[in-house]
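Here is a short report for a reader new to this structure. It goes from the overall pattern to the details.

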Amino acid sequence: MGIYSYELYTEYDVDIIIRIGSMGSNDKRLELRDILLVDTAYTESMFALNLTGENKGEENFVAYPSMSVTSEILQQGLAMNERKFKVGNIATSECFDKYTKNPKLYYERMNPSWNILRM
């Protein structure tokens, strides 16, 4: 996604990118077919650091969306009276749990205050 977004911004003059897709979760706060608006995304990838070149410590691992775009999406979702529309924080990884020796360790490294939905 990093390369694609970079090229969209730099080569095609795109102003806003909205990723829409599917995901899996075993978090009890989510039900089948819920629509999740991601508020923040935690990752251990160095994408943000490599993109900005700024070392912000723990902040390197949290990607924040545009608040104006997020607010607009939330308003539209609520206006549709969509009961399955939810907002939450996620964690992303280059490895699926299936291929990780102990996926629990990944979640244990996250700050509990981030309130990450378990994927």
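Read along the sequence, the protein runs α-β-α-β-α-β-α. That makes four helices and three strands. The model is predicted. Its mean pLDDT is 79, and 85% of the residues score at least 70. Confidence peaks in helix α1 (residues 2-11), at a mean of 88, and is lowest in helix α2 (residues 47-52), at 68. Where pLDDT is low, the predicted coordinates should not be read in detail.

Of the 119 residues in the protein, 24% are buried. Contacts often span much of the chain: among those between residues at least 6 apart in sequence, 66% join residues at least 24 apart.

**The sheet**

In what order do the strands of the open sheet stand? The order is β2-β1-β3, and the pairing is mixed. β2 (62-63) and β3 stand at the edges with a single partner strand each, so one side of each has no neighbour in the sheet. Strands of a sheet pair through backbone hydrogen bonds, either parallel or antiparallel. Both senses occur here, as the mixed pairing implies.

β1 and β3 pair in the parallel sense, over seven bridges. Leu-36 has Lys-86 in β3 as its bridge partner. β1 and β2 pair in the antiparallel sense, over two bridges. There, Tyr-42 stands opposite Val-62 in β2.

**Helix α3**

Does the length of helix α3 fit its residue count, or what span should it have? At 1.5 Å a residue, its 13 residues (67-79) should span 18 Å, and the end C-alpha atoms are 18 Å apart, which agrees.

Which residues of α3 are buried? They are Val-69, Thr-70 and Gly-77. Seen down the helix axis, these buried residues fall within an arc of 100°, so they line one face of α3. They pack against β1 (35-43) and β3 (85-92). On the other side of α3, Met-67, Ser-68, Leu-78 and Ala-79 are exposed.

**Nonpolar cores**

In soluble globular proteins, nonpolar side chains tend to be buried together. In this model, the largest nonpolar core has eight residues: Tyr-42, Val-62, Ala-91, Tyr-106, Tyr-107, Met-110, Trp-114 and Ile-116. The facing pair Tyr-42 and Val-62 thus belongs to this core.

Ile-116 is one of its members. Leaving out residues up to four places away in sequence, Ile-116 touches Asp-27, Arg-29, Tyr-42, Asn-89, Ile-90, Ala-91, Tyr-107 and Met-110. Another core lies apart from the largest one. It has five residues, including Leu-30, Leu-36, Ala-41 and Leu-117.

**Positive phi angles**

Most residues other than glycine have a negative phi. The table lists residues with a positive phi.

| Residue | Phi | Place |
|---|---|---|
| Asp-13 | about 60° | loop between α1 and β1 |
| Asn-81 | about 55° | just after α3 |
| Asn-115 | about 55° | segment after α4 (103-108) |

Is Asp-13 buried or exposed? Asp-13 is exposed, with a relative accessible area of 66%. Asn-115 counts as partly exposed, at 45% relative accessibility.

Note on methods. Residues numbered from 1 in each chain as written. Predicted model: local features only at pLDDT ≥ 70, side-chain atom pairs only at ≥ 80, totals over all residues. Heavy atoms only, no water. Expected span 1.5 Å × (residues − 1). Buried < 20%, exposed > 50% of the residue type's maximum accessible area, 1.4 Å probe, protein only. Arc of directions from axis to C-beta. Contact = heavy atoms within 4.5 Å. Pairing = 2+ DSSP bridges. Core = buried A, V, L, I, M, F, W, Y, C linked by side-chain atoms within 4.5 Å. pLDDT = per-residue confidence, 0-100.
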